[in-house]
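Here is a friendly walk through one protein model, from single residues to packed helices. Please keep the structure open beside you while you read.

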Amino acid sequence: MKADFDRLGGEGKITSESQAIMNSLFMIVELILAIFLERGTQKNNGNSSKPSSQTAKDESALSHSGSNGKGKGENRNQAKNTRVKETVTIAQVHTCDVCAQDLSDVPCMAHERRTKIDIVFEKVIDHVDAEIKRCPACHATVKGLFPSDRHGPLQYGDGLKAFVINLLVGQIVALNRVQKLVKSMIGVVIAEASLLKFVLRLHQALENWEYQATEKLLNMPAINVDETSFRVDMKNHWIHVYSSGDITLKFLHRNRGKAAIEAHTSFHATGVPLFTTAGHLICRTMTAITGCVVRICCAN
C-alpha cells in the first residue's frame, strides 16, 4: 500500500497535504507494529545485547540423532589390539515345565538370547630361562640365546606400552595417575621416565610416517590450517594443525607466528592454498610468506 501511495505521489495525483497526512499515518502504524513485535519476540544474543549464556536454547533447528555435543562424532570402531573371547551356551529344554512332557526329540523353533559383557584384566608373564653350561673340552661357559626383544632382565610388552600411550596421549591422563593405575593392574611400579620413554619411542617410530604424510599434504589441492593454545610446563605453547582429506598433522611450538610456521614444515613455501579460520595474526603472517596463498573461512 505504501509503495502504491508513493507511486501516486510521484505522479502528482495526490496533493502535498494528503501526502503529509498519509505519511504520518504510516509512521504510526509502523510504530504500533514495532511495539507489538517487541513484546512478542523473545530477546536473545542476536537481537539484543544479552550474551548467549543467558538466552534459552534454540529448539527450532532440526536435531540430529545421537549428537549431544560439538565436535566430530564418536568413533565406534573397536580397537584392533583387543582380544575378544566369545562363547555361546545353549540352554536346552528337555521337559515341559507345564505338563512334564518329554521334549528331547522335539525340534527347536527359535532362540531367545541374553548377553553379558565383561572385562577381565589379564596379566601375562612370559619367562625365558637360558641354560648355562660349561664345556668339558675347553672349560668355556656357554649360555643359551634370548629372543631379540629381551634386552635385559625385565621388559614390558607392546600391549602394556599401547595402554600407557593411550592414557597419556589419547586420554590426556596425568602421569602419576597412569603410574598408579598400572601398578594396581600388574603389581609393578613403572618409573615415570619409563612411561615417557614409551611415548618417545612411538614418536621416533612415526618419523617415517610423518615425512610421508607431509609429502602427501604438499600434493593436496588445498590445506586447512589453524592453531590453538596449549599449556606445557605452566607455559603457553601453540599447536599448529595442517590437514587435508584424511591426513592431519599437529606440531607444538612455543610461538604462534612466522617462526613457528617456518620451524615445522615447508607448507609455507608452496603455492597450495591454505584455508584457515584463524585470527588476524596468523593470517597476516601467512600472507607475508612468499608463495603462500591464504583463503580465510568466516565460519567463526
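Let us begin at Val-241, which is partly exposed because its relative accessible area of 21% falls between the 20% limit for buried and the 50% limit for exposed residues. Please bear in mind that the model you are looking at is predicted.

**Two residues of strand β4**

Val-241 belongs to strand β4. Leaving aside residues up to four places away in sequence, Val-241 touches two groups of residues: Asn-224, Val-225 and Asp-226, and also Thr-248, Leu-249 and Lys-250. If you would like a distance to check in your viewer, go from the C-alpha of Val-241 to the C-alpha of Ile-223: these residues are 18 apart in sequence and 9.8 Å apart in space.

His-237 sits in β4 too, a strand that covers residues 235–244. Is His-237 buried or exposed? His-237 counts as buried, because its relative accessibility is 14% and the cut-off for buried is under 20%. A polar atom of the His-237 side chain lies 3.1 Å from the backbone oxygen of Lys-235. With residues up to four places away in sequence again left out, the contacts of His-237 are Thr-228, Ser-229, Phe-230, Val-232, Leu-252, His-253 and Arg-254.

**Two positive phi angles**

Next come two loop residues that have a positive phi without being glycine: Ala-100 and Asp-233. Ala-100 is in the loop that runs between α2 (16–40) and β1 (132–134), while the loop holding Asp-233 links β3 (223–232) and β4. The table sets out their values.

| Residue | Phi | Relative accessible area |
|---|---|---|
| Ala-100 | near 65° | 60%, exposed |
| Asp-233 | about 55° | 69%, exposed |

Ala-100 counts as exposed because its 60% is over the 50% cut-off. Asp-233, at 69%, is exposed by that rule as well.

**Helix α3 and its partners**

Now turn to helix α3, which spans residues 158–170, and helix α5, which spans residues 192–205. How do the axes of these helices cross? They come within 9 Å and cross at roughly 90°, so α3 and α5 are roughly perpendicular to each other. From α3, the residues Lys-161, Val-164, Ile-165, Leu-168 and Val-169 take part, and they meet Leu-195, Phe-198, Val-199, Arg-201 and Leu-202 of α5. Sorted by class, this contact has eight nonpolar and two charged residues, with no polar ones.

Helix α3 also packs against helix α4 (residues 175–186), where the axes come within 10 Å and cross at roughly 150°. The α3 and α4 crossing is right-handed. On the α3 side the contact is made by Leu-160, Phe-163, Val-164, Leu-167 and Leu-168, and on the α4 side by Leu-175, Val-178, Leu-181, Val-182, Met-185 and Ile-186. By class, the contact between α3 and α4 has 11 nonpolar residues, and neither polar nor charged ones.

**The whole chain**

To finish, step back to the complete protein. How many helices and strands does the protein have? There are eight helices and seven strands. The protein has 300 residues, and 18% of them count as buried. Among contacts in the protein with a separation of 6 or more, 32% come from residues 24 or more positions apart.

Terms used:
Residues are numbered from 1 along each chain as its sequence is written. This is a predicted model: local features need pLDDT of at least 70, side-chain atom pairs count only at pLDDT 80 or more; totals for chains, interfaces and linings use all residues. Side-chain values use heavy atoms; hydrogens and water are left out. Helices (H or I, at least four residues) and strands (E, at least two) are DSSP runs, numbered from the N terminus. Buried means under 20% relative accessible area, exposed over 50%, partly exposed in between (1.4 Å probe, protein chains only). A polar contact is a pair of N or O atoms within 3.5 Å; within protein, one must be able to donate a hydrogen and the other to accept it, and residues adjacent in sequence count only if both atoms are side-chain atoms. Contact means heavy atoms within 4.5 Å. Axes are lines fitted to C-alpha atoms, for helices over the stretch in contact, and angles run from 0 to 180 degrees between N-to-C directions. Angles under 35 degrees count as roughly parallel, over 145 as roughly antiparallel, 65 to 115 as roughly perpendicular and the rest as oblique. Ala, Val, Leu, Ile, Met, Phe, Trp, Tyr, Cys and Pro count as nonpolar, Asp, Glu, Lys and Arg as charged, and the others, Gly among them, as polar. A crossing is left-handed if the near helix is turned anticlockwise from the far one by less than a right angle, and right-handed if clockwise.
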